[in-house]
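Q: Could you take one part of this model and go through it closely, starting with how it is held together? After that, feel free to follow the trail to whatever else is worth a look.

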Amino acid sequence: MADAPITGDLIHQLQTEIEELRAANAKLREQTDQRLLLRLAELAALRKVNHATNSCMQLDATLKLIVETVADVIKADVCSIFLFEKDERLTLRATTGLNPDAVGQVSVRLGEGITGIAAKEGHPIALRDAWSDPRFHYVAGLREEPYRSMVSVPIILFTVEKLVGVLNIQALAPTDYSTEEISFLETVAGQVAIAIENTRLYAQTDLKLQQKVSELSTLQRVSRMIASTLDLQEVLNLIVTQAVALSGADMAAILQLEEDRQEAKTVAAFGLDSLQLARWQDRIRDSRVGDSVFMARPVVISDLLADPGADAISSLAEGEGYRSGFSVPLSAKGKTLGALQVFTRNRHEFSFDEVQMLSSFADEAAIALDNARLYDQAQRNLSVKSALLAEMHHRVKNNLQTVAALLSLQARHCKSVEIASPLKESVGRIQSIASVHDLLSRRQIGIASVADLAKTIIEAATINSARPGVRVNYRVVGGEVTLSSREATVFALVLNELVSNAIAHGFAGRGEGSFQITASVSGSRITVTASDNGRGLPPGFDFRKQAGLGLQIVNTLVVNELQGQFSLTTDGGTVATIVFELDCSFAGEARSA
C-alpha cells in the first residue's frame, strides 16, 4: 500500500502542533522560573529573619528586630507579636505599624478575638476584612482602625508542643492571602518560636550568669595583681572593695592572725573609717564572728542584734548601723591566716552562692597573704568564658543544621531539578558554616586551624556534592596557621565552593581526584592556595565575566568580607589563590596552632 501524500493541510497541522508545544514549553519554563524565584525570595527572607532572631539575646530587642524584619521581607503594613504569659493572657510585646505605647500594656485572653482564637485553636486565621468578621475584637489604644485584612499565626514550639505566642500581620487594603503565603508565615513563626524560647532561657539565666562571670573576672584581676605587684596592701584593698560590690554588702574587712596567734588585726577594710575600725577591732575578738579567725570555721549571723553569740559587738553593730554578717577563714596550706568578713545594714540571709563567692575571695586573700597561688583564678575564668563561647557556637550550629534540614527536605520533595539543584547547593553552604561552628565549639577560644577547617569542609563538601561517590584525596601544607572565627566562617564558605566546583567540573568523568591546600603567613598577610588535579580551566576563561554563582560567591566573600584578593589559574589543574590581611586581634601567638 502506497504512503499517503503529504498535503498542505497536514503540514499546516504539524506546524500548528509544534507551535502549541513550544508555547506550552515556554509557559512551563516561565512557571518554573517564577516558582524558583519565589522560593529563592522566601529563602532570602527566611535568612533575614533567621539573622534577626540570632543577632540578639535580649528578649525585647529580639522581638522588636523580628517584627521589623518580618514586616520588611513580606511588605506588611503591620507586624506584631503577642506572647503567651503565665496568667494565660497574650500580651503585645513588639509591633511595627501599631501604637508603640501599647507594647506591654495591651493583652487579650486566650480565645478572645482573632489573636486569641488562633492561639487557642493552634492554626492560622486569615481574613480579607477582619472588621466584618464577628470574631474580631476591637482593642482600644492599638490604633488599628485603618487596617482591614489580618492574618494571625500561632507561634508554637513544636518540639514540646508549647504555645509561645501569636504573630499578627495586617494590611491597609483588603487582601486575600494565598496558601503559600500563609505557609511561609507558619515557617517564619516556627523560627520565631525557637528564637523566643532560646532568648527566654537565656534571660532566665543571664543575670546569674553575668554575676558569675563578673565574680570570675574579678578573681582574675586579683590574681593578675598578685602576680604583678609586691604591694600587698593594694591587693587586700581590692579584695574588700570587690567583696562589697559583688555581694551587695555595706562593709567588708580582712583580719590577719598575728604570729603568736593570740591577736587578730584588721589589715584592710571598706565602709569603716579609722575610728570605727579601731572600735570594731577591739570587740570582734570576743564575738562569735571572731570564731572564724580563731576556730577556723565559717560563721553566718543573720541578726547581730538578736544572736547571743554576738553580744560583744551587738551594741557597736547597732551604733554603726550593721545588722547581718558573714565571716570565712583565710586558710593556705592547712594554716589559718585570718578571716574575710562582710556586714550589711539590713537584715540579710546569705545565700549559698554568696557564701561560695565570698569563700573564693577569702581564698584570694589567703593567696596574697601567703604569696603562693598566682594564676589559678585566671584559669578558672578562662575556662568559663571558653565554655560560654563553645555553647554559643553549639547553638548556632544547631540552628544552621535545622535550616539545612528544612532545605534538604524541600529539595527531596521537589520534582524540578532546576529548583532542587540550587536548594542542594544552599544546603552545602549552610552545612559548611555549621561545620565551622561545630569545630569552633570544640577548639580554643575563637580560632581554628587551616588543617582542621580543610578536613571538616572537604569531607562535608564531598558528602553534600552533586556527585557524592567521588573520592577526594587532600593534603594540607601550612595547616598550623590559625584563623579567627569570622575568618574561619568565610574561609569555609570559599573552600566549600572551590571543592564543590572541583568535584562537579574538574573531576567530571572521574571517580577520584586530589586537592592540595597551602597556607603561609608573611607579617599580617596570609596567602592560601587551593589546587586540584582536575582538567583545569577552559582556554580564555575569565571568572569575572564567565563565572557561575559559586565562583561569584567566592570572589564576593574574599573581596568584601576579607578585603582580600582572589585569582584563578591553570597549572595542570585549577589553582585558586586567596590573599588577605589577618585579623589583628588574633595576630602573634594566636596564629600558632
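A: Start with β1 and β6: they run antiparallel, and six bridges join them. To pin down the register, find Ile81, whose bridge partner in β6 is Leu167. Bear in mind that this is a predicted model.

Now zoom out a little. β1 and β6 belong to an open sheet of six strands, in the order β3-β2-β1-β6-β5-β4, with antiparallel pairing. The edges are taken by β3 (107-109) and β4 (125-127); each has a single partner strand, so one side of each has no neighbour in the sheet. Going from one strand to the next, the twist averages 25°. If you're wondering what does the pairing in general, strands of a sheet pair through backbone hydrogen bonds, either parallel or antiparallel.

Next, the helices on this sheet. α2 lies across β1, β2 and β6, and it runs at about 60° to β2. α3 lies across β1, β2, β3, β4, β5 (149-157) and β6. Take β5 as your reference strand and α3 runs at about 35° to it.

α2 and β2 also share a side-chain link. Arg93 forms a salt bridge with Asp60, and the closest N and O atoms are 2.7 Å apart. That pair connects distant parts of the chain: Arg93 sits in strand β2 (residues 89-96) and Asp60 in helix α2 (residues 59-74), 33 residues apart. The general idea is simple enough: side chains of opposite charge can pair when their charged atoms come close. Counted over the structure, there are ten salt bridges.

What about empty space? Rolling a probe the size of a water molecule over the atoms shows where some is left. With a threshold of 30 Å³ or more, the count is one cavity. The largest cavity has a volume of about 150 Å³. It is lined by 17 residues, and those closest to its centre are Thr115, His137, Leu142, Glu144 and Met150. Several of the elements you've just met turn up again here: β1 (78-84), α3 (113-121) and β6 (162-171) each supply at least two residues of the lining. α3 gives the most, with three residues. By character, the lining splits into nine nonpolar, six polar and two charged residues.

One backbone detail in this part is worth a click. Arg143 lies in the loop between β4 and β5, and it has a positive phi of about 60° despite not being a glycine. For context, most residues other than glycine have a negative phi.

Following the trail further along the chain, you get to another sheet. This one is open too, with five strands in the order β13-β15-β16-β18-β17 and mixed pairing. Its edge strands, β13 (471-477) and β17 (565-571), each pair on one side only. Neighbouring strands here are turned by 15° against each other on average, ignoring direction. Helix α15 (residues 549-561) packs on this sheet, where it touches β17 and β18 (573-581), and its direction makes about 135° with that of β17.

For the parallel part, look at β13 and strand β15 (residues 512-522), which pair over seven bridges. Arg471 stands opposite Glu512 in β15, and Val476 has Ile517 as its bridge partner in that strand. On to the antiparallel part: eight bridges join β15 to strand β16 (residues 525-532). Phe515 stands opposite Asp532 in β16. β15 and β16 form a hairpin with two residues between them, and Gly523 in the turn has a positive phi of about 70°.

There's a non-glycine case in this stretch as well. Gln563, in the loop between α15 and β17, has a positive phi of about 50°.

Terms used: Residues numbered from 1 in each chain as written. Predicted model: local features only at pLDDT ≥ 70, side-chain atom pairs only at ≥ 80, totals over all residues. Heavy atoms only, no water. 1 Å grid on protein atoms, 1.4 Å probe; cavity = no way out; pocket = protein on both sides within 12 Å on 5 of 7 lines; lining within 4 Å. Points joined across faces, edges and corners; volume = space filled by probe spheres on them. Helix = DSSP H or I, 4+ residues; strand = E, 2+ residues; numbered from the N terminus. Nonpolar A, V, L, I, M, F, W, Y, C, P; charged D, E, K, R; others polar. Pairing = 2+ DSSP bridges. Axes fitted to C-alpha atoms, helices over the stretch in contact; angles between N-to-C directions. Contact = heavy atoms within 4.5 Å. Salt bridge = Lys/Arg side-chain N within 4 Å of Asp/Glu carboxyl O.
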